[in-house]
Amino acid sequence: MKILVINAGSSSLKYQLIDMETEQVLAKGLCERIGIGGHLKHSPLVGGKPVFDEDLPLPTHSEAIAAVIDKLTSPEYGVVSSMAEIDAVGHRVVHGGEKFACSVLINDEVMAALQECTPFAPLHNPANITGINACRAVMGDVPMVAVFDTAFHQTMPGKAYMYAVPYEYYKNDGIRRYGFHGTSHRYVSSRCAELMGRPIEELKLISCHMGNGSSICAIDGGKCVDTSMGFTPLVGLPMGTRCGDLDAGVIQFLMNKYGYSIDEMLNILNKKSGVLGVSGVSSDFRDLDEAAKAGNDRAQLALDMFHYWVAKVTGSYVAAMNGVDAIIFTAGVGENSKASRAAISEYFGYLGVKIDDAANSKRGEDIMISTPDSKVKVFVIPTNEELVIARDTRDIVA
Ligand code: ADP
């Protein structure tokens, strides 16, 4: 069975074609500048075919999907002989609200429910819906599945997902913590149980997804019991450009003082804050590491804040679960920054965590970076959201 995994943004569309017999990625690529020009980079990963990397007109997502299918099936760049070889399509969808606690087969009813979730993710869900509609138009009857970033977090108990505001806002308007990065937290937690050789039902795990966007998830017995992102992906940890947790009073103060509109204010909190805002250097942790080494105090402060927040939220989840068996680092920073992993782990002495420096220096693989006698284990597990989407799609279609 071959499954096409699609992640559609407002002007971009990422894809992977995965052979489910071997779970090998046959080809992957990215359409960019959809609606404002168009560019496709398509990389076949089998058969020694060349990479296609050129501008081409992509007025809408439909032309983008058609271009992807064209490249996947072309004699020069292709990895399959025709569209009939693509058995199903898995779509990443950001927000499933309270309606979707797991992945679903897409039909007209599901499309209507997705539309209802749009006010919760006004930037992301419309793009995901456009991607699905374009695929349905171009690929006809090929079965399609929606996999939600929020679904894994639907097991949180009320005490974790409720905000302490008048209850009507929850009941009438859906105001609550939803959480994001669920597909990633699900993948790394189940992989961690495999690596530990123990059933996930017996384990208390904390997964730290640290990329441009960052979130932490407490997973007890394989189920999410708390997570740091909220109603939107703006809160929790300070991120590349997002502010993380912030007193709502600050918003009122700054809007009054500088006359910002709410859109201007949110733009500052989403795009100009986080480690970029504090350091004034960059949102990229590689730049921050370099600047801090060169003596830039604000870059060091931004890194210190990030590490402190990861440790502090992780500690709160140890309390929430009354213990922890393993802590997992994943995503861009978690997978690549030995320095950040070491700095965060420094806070975990009270848990009996001991880091093995040699293991922590390795890259690009699933690895335990704690010493064999460390009381709580620490793992680096590269995330693989596309594989989860493909596996869910296979299971649902089968
Ligand atoms: P996204 O949240 O957009 O999916 P990623 O998970 O790809 O992001 O993470 C991207 C971030 O990973 C970059 O902004 C960069 O800060 C960080 N990163 C990548 N490689 C390294 C590295 N070697 N050292 C430190 N940080 C890194």
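**The ligand and its shell, and helix α15**

In this predicted model, an oxygen atom of the ligand sits 3.3 Å from a polar backbone atom of Gly-213. Another glycine shows up in a similar role: a polar backbone atom of Gly-332 is 2.9 Å from an oxygen atom of the ligand. Asn-212 joins in through its side chain, where an N or O atom lies 2.9 Å from a ligand oxygen. On its own, the ligand has 580 Å² of accessible area, and the protein covers 70% of that.

Who else is around the ligand? The residues surrounding it also include Gly-211, Asp-284, Phe-285, Arg-286, Ala-331, Val-333, Asn-336, Ser-337 and Arg-363. Sorted by class, the shell comes out as six polar, three charged and three nonpolar residues. Two helices, α10 (285–293) and α12 (331–336), each put in at least two residues. Of the contributors, α12 gives the most, with four residues.

Now for helix α15, which runs over residues 385–397 and so counts 13 residues. From the first C-alpha to the last, α15 reaches 18 Å, close to the 18 Å expected at 1.5 Å a residue. Its buried residues are Leu-387, Val-388, Ile-389, Ala-390, Asp-392 and Thr-393. What do these buried residues of α15 pack against? Their partners are the strands β1 (2–8), β2 (13–19), β6 (88–93) and β8 (144–148), along with helix α6 (182–196).

Methods
Residues numbered from 1 in each chain as written. Predicted model: local features only at pLDDT ≥ 70, side-chain atom pairs only at ≥ 80, totals over all residues. Heavy atoms only, no water. Near = heavy atom within 4 Å. Polar contact = N/O pair within 3.5 Å; in protein donor to acceptor, adjacent residues only side chain to side chain. Areas by Shrake-Rupley, 256 points an atom, 1.4 Å probe, with all protein chains shown as cover. Nonpolar A, V, L, I, M, F, W, Y, C, P; charged D, E, K, R; others polar. Expected span 1.5 Å × (residues − 1). Buried < 20%, exposed > 50% of the residue type's maximum accessible area, 1.4 Å probe, protein only. Contact = heavy atoms within 4.5 Å.
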